[in-house]
Amino acid sequence: MKKKKSRIQLIVDLINEHCIGSQSELCQLLTNSGVDVTQATLSRDLKTLRATKVPTENGGYMYIIPDSNEIHNKMLEHGQASSSAGNHVRPMSIEFSGNMAVIKTRNGYATGLAYDIDVSHSSEILGTIAGADTVFAILREGVSHDTARAFFERVMAHDE
């Protein structure tokens, strides 16, 4: 377990320090740091970290970890995020239709937000589906939009 924990920390450090666009690039950086890892293990590690790729200005992609302030700062340095502090999880909008909620957030952050909603095991939410910048959530029967909005705000406040 200690080996996995130190490997995960190294992955976070590498993502913080570099603009990494592929698993093979990350694998090479790990190898250069003395850590040999299979693609399958690296893929599981990235899933554990909830890492996702977001587009860069030059047409490529880079890995981010959604609720990491260090990654947000790195994206600011690379011109990939706005400088409004504290808005890395805050939604751009929440809209409701019946028992459905559509939460718009910044590109790359929907997966982490959906995960946080799902693992909360909320009595208000049945489940979520995430895209790059959109979370689709199904409300349980009888849950008001105000109650759901308050729940989403609690989840997002917890992440900041």
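Helix 5 buries Ala110, Gly112, Leu113, Ala114, Asp116 and Ile117, and with this element the reading of the structure, a predicted model, can begin. Helix 5 spans residues 110-119 and is one of the elements that each supply at least two residues to the largest nonpolar core. That core holds 18 residues, and Ile117 is among those with the most contacts inside it, together with Leu139 and Phe152. Besides helix 5, the elements that each give at least two residues are strand 3 (93-97), strand 4 (100-104), strand 6 (134-139) and helix 6 (145-159), of which helix 6 contributes the most, with five residues.

Phe152 shows how these parts come together, since, leaving aside residues up to four places away in sequence, Phe152 touches Ile94, Phe96, Ala101, Ile103, Ile117, Ile125, Ala137 and Leu139. Apart from this core there lies another, made of 17 residues, among them Val37, Leu46, Leu49 and Tyr63. In soluble globular proteins, nonpolar side chains tend to be buried together.

Just beyond helix 5 comes His121, which is found in the loop between helix 5 and strand 5 (125-130). The phi of His121 is near 50°, a positive value in a residue other than glycine. Is His121 buried or exposed? With a relative accessibility of 69%, His121 counts as exposed.

Arg50 offers a second case of a positive phi in a residue other than glycine, here with a value near 60°. Arg50 lies in the loop between helix 3 and strand 1 (52-55), and its relative accessible area of 14% makes it buried, the cut-off for burial being under 20%. A polar atom of the Arg50 side chain lies 3.4 Å from the backbone oxygen of Gly112, a residue that is itself among the buried ones of helix 5. The C-alpha atom of Arg50 is separated by 8.6 Å from that of Ile64, which is 14 residues apart from Arg50 along the chain.

Ile64 also leads into the pairing of strand 1 with strand 2, for Thr52 stands opposite Ile64 in strand 2. Strand 1 and strand 2 (residues 61-64) run antiparallel and are joined by four bridges. The two strands form a hairpin with five residues between them, and in the turn Gly59 has a positive phi of about 90°. Along strand 1 the side chains alternate, with Thr52 and Val54 pointing to one face and buried, whereas Lys53 and Pro55 point to the other face and are not buried.

Towards the N terminus, helix 2 (residues 23-32) has Leu26, Leu29 and Leu30 as its buried residues. These three lie on the same side of helix 2, because they cover an arc of only 100° around the axis. An α-helix has 3.6 residues a turn, so residues three or four places apart point the same way. The cover over the buried residues of helix 2 includes helix 1 (2-17) and helix 3 (39-48), while the face turned away from the buried side carries the exposed residues Ser24 and Asn32. Gly34, which follows helix 2, has a positive phi near 90°.

Taken as a whole, the protein has six helices and six strands, and from the N terminus on these elements run α-α-α-β-β-α-β-β-α-β-β-α. Buried residues make up 42% of the 160 residues. Among the contacts between residues at least 6 apart in sequence, 50% join residues at least 24 apart.

The confidence of the prediction should be kept in view along the chain. The mean pLDDT of the protein is 81, and 82% of the residues reach 70 or more. Over residues 69-88, however, the pLDDT is below 50, although in the model this stretch has 45 contacts beyond near neighbours in sequence.

Definitions and conventions:
Residues numbered from 1 in each chain as written. Predicted model: local features only at pLDDT ≥ 70, side-chain atom pairs only at ≥ 80, totals over all residues. Heavy atoms only, no water. pLDDT = per-residue confidence, 0-100. Contact = heavy atoms within 4.5 Å. Core = buried A, V, L, I, M, F, W, Y, C linked by side-chain atoms within 4.5 Å. Buried < 20%, exposed > 50% of the residue type's maximum accessible area, 1.4 Å probe, protein only. Arc of directions from axis to C-beta. Polar contact = N/O pair within 3.5 Å; in protein donor to acceptor, adjacent residues only side chain to side chain. Pairing = 2+ DSSP bridges.
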